[in-house]
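These are my notebook entries on what I looked up in this structure. I took the topics one at a time.

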Amino acid sequence: MRRGASWSGGERNAAFVRSAKGELDFVDAAPVLGLDHADDGRAAARIDIDFDGDDDLIVTSRTGPRARILANRWASGSATLGLRVVGTQSNPEGAGAVAFATPLAAGESRPDELFRPGVTQRRTRAIGSGFLAQSSEWLRFAFPRATEADSESDAAMRVHLRVRWPGAGGGTVEDFGIVEADRCYVLVEGSGAARVATRPAAVVHPASALAAETAESDRMRIALPSPLPIPSLLVRTPDGAPARLFGVSPKSARRADRPVVLLAWDSGDSESLERFGDLRALCAEATANGVGLLGLDVSAEQAASSFEEAEVRLAAAGWTGEVLRASSEAAIVLRELIAWRFDRTDPPAGPWSLIVDPDGRLAVVRAGPWAADELSRDLEFLAVPLGQRPVVSTLYPGRWINPPGEADLAGLRSRIANLGVDATVREIDLARVSTVSLGGAEVQIKLGQAQLERGD
C-alpha cells in the first residue's frame with residue numbers, strides 16, 4: 001500500500017444473489033446491477049436515503065471515489081414495507097428482534113402460523129454490519145404484486161406482522177396485526193399495534209442530485225497528499241529540436257522554478273477541442289499568476305506536417321502557452337502516470353492536466369474540461385505546507401493515522417516495466433537509490449571491511 005499498489009489486487013466488487021436453484025446456490029449479479037466497481041472496496045451500508053421504501057447503498061473504498069451513494073430503483077413495481085423495532089423490556093435498540101411479515105390474499109384474515117414457507121419474509125435487527133460501517137436500523141421488505149392490475153389499483157396490499165423479541169427461551173412473539181404495504185411503521189415492544197412512521201422533513205434525492213451534476217461528470221480532480229516526482233518526458237519543439245521535461249534523480253526532482261500546467265491532449269481525436277473547456281480563462285489566470293503553460297500532444301498519429309495544424313487548433317481554442325509533441329515513450333509514461341494516480345487500468349477521457357509545483361513535482365491531476373477560476377484552487381493547494389496537504393487533499397480531514405511522506409514511484413515503475421519502456425524504469429530505479437556522505441576515515445573503514453569479507 002505504501003508503494004501505491006491496491007490492497008485487494010484490483011478485484012472488482014461483487015454482489016451475490018441467491019439463485020432459484022436452491023438455498024445455498026448463489027450467483028454474482030454485480031455486473032447487471034451496476035455494483036461491480038473496480039474500487040478497493042471496504043464496506044457497504046444499507047439505508048433508505050430518499051425514504052422511498054427501498055434500501056439504497058453507501059459504499060466506501062480506500063481509493064477514489066471514497067464513497068458512493070447508489071440509488072435503488074424498483075423496476076417491477078413491487079410493494080415495499082419498512083419497519084423499525086423499539087424494545088422496552090429486551091433492549092432499547094431492539095437488537096436481536098426478528099420481524100415476520102406475511103402478505104395476505106384478498107379477503108384473507110390473519111394466519112395462525114408464524115412462518116408460512118415461500119410467503120413469509122423475516123428480517124433480524126442486527127448491530128454492526130460492516131467495516132467501520134453501520135446500516136440503517138430500518139428493516140426493509142418487498143413483496144411481488146399478484147398482477148399488474150394490483151399495482152394500479154387503489155387497494156393496498158395487506159401484510160400481517162409479528163415480532164419475536166430477544167430473551168430467555170427464544171423470547172416472546174408479539175402480534176402487531178394487519179397493516180398496509182408501501183408504508184413505514186414503528187413497532188414498540190408491548191404495544192401490540194403498529195404506528196405509522198412520519199416521513200422526514202428533509203429527504204435526500206440521489207437521482208436529482210446526480211441529474212443536476214451530469215454536465216460535470218466528465219471533470220475529475222485529485223489533489224495528491226504528497227508530491228510526486230515525474231520521470232523524464234522526451235518531447236520535440238515546433239522546430240523539431242528534442243527537449244526533456246521534468247526528470248528524477250537520487251538527489252531530487254528537476255526543478256521547474258515556477259508552477260506549471262501541462263495540458264496533455266490527443267490531436268488525433270476529432271472531438272478533443274470540444275473537451276478543452278474554457279482555455280482562455282485558464283491561460284489568462286495562469287499569466288496573471290506567473291504559471292507556465294505547456295501543451296503536449298500525445299497522439300500516436302503524428303505526421304510531420306501536423307505540428308503546425310496542432311498549434312492552430314490549440315490557438316483557436318484559446319491556448320497561449322507553448323506547444324510540444326511527446327515521443328512515443330513519453331506518451332506511454334504520461335498515460336500510465338495519469339491512470340496510476342486515478343487508480344485505473346486505463347486513464348479517463350482527456351484532455352489531462354498536470355499541475356506541477358516549482359520543485360518539478362506533481363501536485364494535482366485533472367481530467368476533462370477546464371472552467372473559469374479553477375486554477376486558483378490548485379494554486380491555493382500548492383501554497384499549503386507539505387505537512388498539511390494530507391488533511392486538505394481529502395474530503396475527510398483528520399483521518400490520517402500515518403501521513404505519507406515523499407510519494408514512491410514503485411507503482412508507476414511496475415506499470416512502465418510491463419510496457420517495455422526501459423529508460424524510464426532505469427531512471428526510476430536510480431531515483432530510488434539512497435545516498436549518504438562519508439568522511440575519509442569512514443571510507444577507509446568500509447574498504448577495509450570489504451577486503452576482510454573477501455579474505456584479503
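Entry on the second largest pocket. I worked from a predicted model. I asked which strands each supply at least two residues of the lining of the second largest pocket. I found strand E1 (16-18), strand E3 (41-47), strand E4 (56-61) and strand E9 (139-143). The largest share of this lining comes from E3, with 5 residues. I then noted the whole lining, which consists of 28 residues. Leu33, Leu35, Asp55, Leu57 and Asn72 lie nearest the centre of the pocket. By class, I recorded 15 nonpolar, 6 polar and 7 charged residues in the lining. For the space in this pocket I noted about 920 Å³.

Entry on the sheet that contains E9. I looked up the strand order and found an open sheet of 4 strands, E9-E6-E12-E13, with mixed pairing. The edge strands are E9 and strand E13 (194-196), and each of them pairs on one side only. Ignoring direction, neighbouring strands of this sheet are turned by 30 degrees against each other on average. Within the sheet, I checked how strand E6 (residues 79-86) meets strand E12 (residues 183-188): the two run parallel and are joined by 6 bridges. Leu81 has Arg183 in E12 as its bridge partner.

Entry on strand E21. Is strand E21 (residues 361-367) largely enclosed or open? I found that 7 of its 7 residues are buried, so E21 is largely enclosed by the rest of the structure. I then looked up its pairing. Strand E14 (residues 220-229) pairs with E21 in the antiparallel sense over 6 bridges. Strand E20 (residues 352-356) also runs antiparallel to E21, and 5 bridges join them. Val364 in E21 appears in both pairings: Ala223 stands opposite Val364, and Val364 is the bridge partner of Ile355. The hairpin of E20 and E21 has 4 residues between the strands. In that hairpin, I noted that Gly360 takes a positive phi near 80 degrees.

Entry on cysteines. How many disulfides does the count come to? With the cut-off of 2.5 Å between cysteine sulfur atoms, I obtained 0 disulfides. I also looked up the burial of two cysteines. Cys184 has a relative accessible area of 10% and is therefore buried, since buried means under 20%. Cys283 is likewise buried, with a relative accessible area of 3%.

How values were computed
Residues numbered from 1 in each chain as written. Predicted model: local features only at pLDDT ≥ 70, side-chain atom pairs only at ≥ 80, totals over all residues. Heavy atoms only, no water. Buried < 20%, exposed > 50% of the residue type's maximum accessible area, 1.4 Å probe, protein only. 1 Å grid on protein atoms, 1.4 Å probe; cavity = no way out; pocket = protein on both sides within 12 Å on 5 of 7 lines; lining within 4 Å. Points joined across faces, edges and corners; volume = space filled by probe spheres on them. Nonpolar A, V, L, I, M, F, W, Y, C, P; charged D, E, K, R; others polar. Pairing = 2+ DSSP bridges. Axes fitted to C-alpha atoms, helices over the stretch in contact; angles between N-to-C directions.
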